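Visitor: Good morning. Could you take me through this structure, please?
Guide: Certainly. Here it is.

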Amino acid sequence: MGRKAGGLYINPRKFGTLSKPCMKEMMALLNCLATSGNNDDKCVKHKDLLRTCTDTQAGANRKPWGSINYHLHRLSRAKK
């Protein structure tokens, strides 16, 4: 169970707080839903803004080569 002692590991949660690009749009949508009693019809504008923000961010930050921990593990196996 767990990681071996001396292994390479980077905590991905530490770097997860660096940028939250659509946080304003999401908070605006949640506030609108709270004030309207969860009525989607009154919050269409906020929903569209959040959808366009997440669509633009989806392709911008994707890394096609996997996580950094995968590569650290792969390199440490090749070193042995």
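Guide: The turns below go from the whole chain to a few of its residues.

Visitor: What sort of model is this?
Guide: This is a predicted model. The chain has a mean pLDDT of 78, and 62% of its residues reach 70 or more.

Visitor: Which helix has the lowest mean pLDDT, and which the highest?
Guide: Helix H1, residues 12-15, has the lowest mean among the elements, at 65, while H2 has the highest, at 92. Where pLDDT is low, the predicted coordinates should not be read in detail.

Visitor: How many helices and strands are there?
Guide: The chain contains four helices and zero strands. Read from the N terminus, the order of its elements is α-α-α-α.

Visitor: How much of the chain is buried?
Guide: Of the 80 residues in the chain, 15% are buried. The accessible surface amounts to about 7100 Å², and carbon and sulfur atoms account for 58% of that area.

Visitor: And what about contacts between residues far apart in sequence?
Guide: Taking contacts between residues at least 6 apart in sequence, 52% join residues at least 24 apart.

Visitor: Let us turn to the surface. Which residues make the nonpolar patch?
Guide: Met23, Met26, Met27 and Leu30 make a nonpolar surface patch of about 330 Å².

Visitor: Where is Leu30, and is it buried, partly exposed or exposed?
Guide: Leu30 is part of helix H2. Leu30 counts as partly exposed because its relative accessible area, 44%, falls between the 20% and 50% cut-offs.

Visitor: Now for the loop after that helix. Where exactly is Ser36?
Guide: Ser36 sits in the loop that lies between helix H2 (23-35) and helix H3 (44-60).

Visitor: Why does Ser36 count as buried?
Guide: Its relative accessibility is 17%, and buried means under 20%, so Ser36 counts as buried.

Visitor: What does the side chain of Ser36 lie beside, then?
Guide: A polar atom of the Ser36 side chain is 2.9 Å from the backbone oxygen of Cys32. Apart from neighbours within four places in sequence, Ser36 is in contact with Lys42 and Cys43.

Visitor: What can you tell me about Asn38?
Guide: Asn38 also belongs to the loop between H2 and H3. Asn38 is not a glycine, yet it has a positive phi of about 60°.

Visitor: Buried or exposed?
Guide: Asn38 is exposed, because its relative accessible area is 62% and the cut-off for exposed is over 50%.

Notes: Residues numbered from 1 in each chain as written. Heavy atoms only, no water. Helix = DSSP H or I, 4+ residues; strand = E, 2+ residues; numbered from the N terminus. Buried < 20%, exposed > 50% of the residue type's maximum accessible area, 1.4 Å probe, protein only. Polar contact = N/O pair within 3.5 Å; in protein donor to acceptor, adjacent residues only side chain to side chain. Contact = heavy atoms within 4.5 Å. Patch = residues over 30% accessible without salt bridge, like charges linked within 9 Å, V, L, I, M, F, W, Y side chains within 5 Å. Areas by Shrake-Rupley, 256 points an atom, 1.4 Å probe, with all protein chains shown as cover. Salt bridge = Lys/Arg side-chain N within 4 Å of Asp/Glu carboxyl O. pLDDT = per-residue confidence, 0-100.
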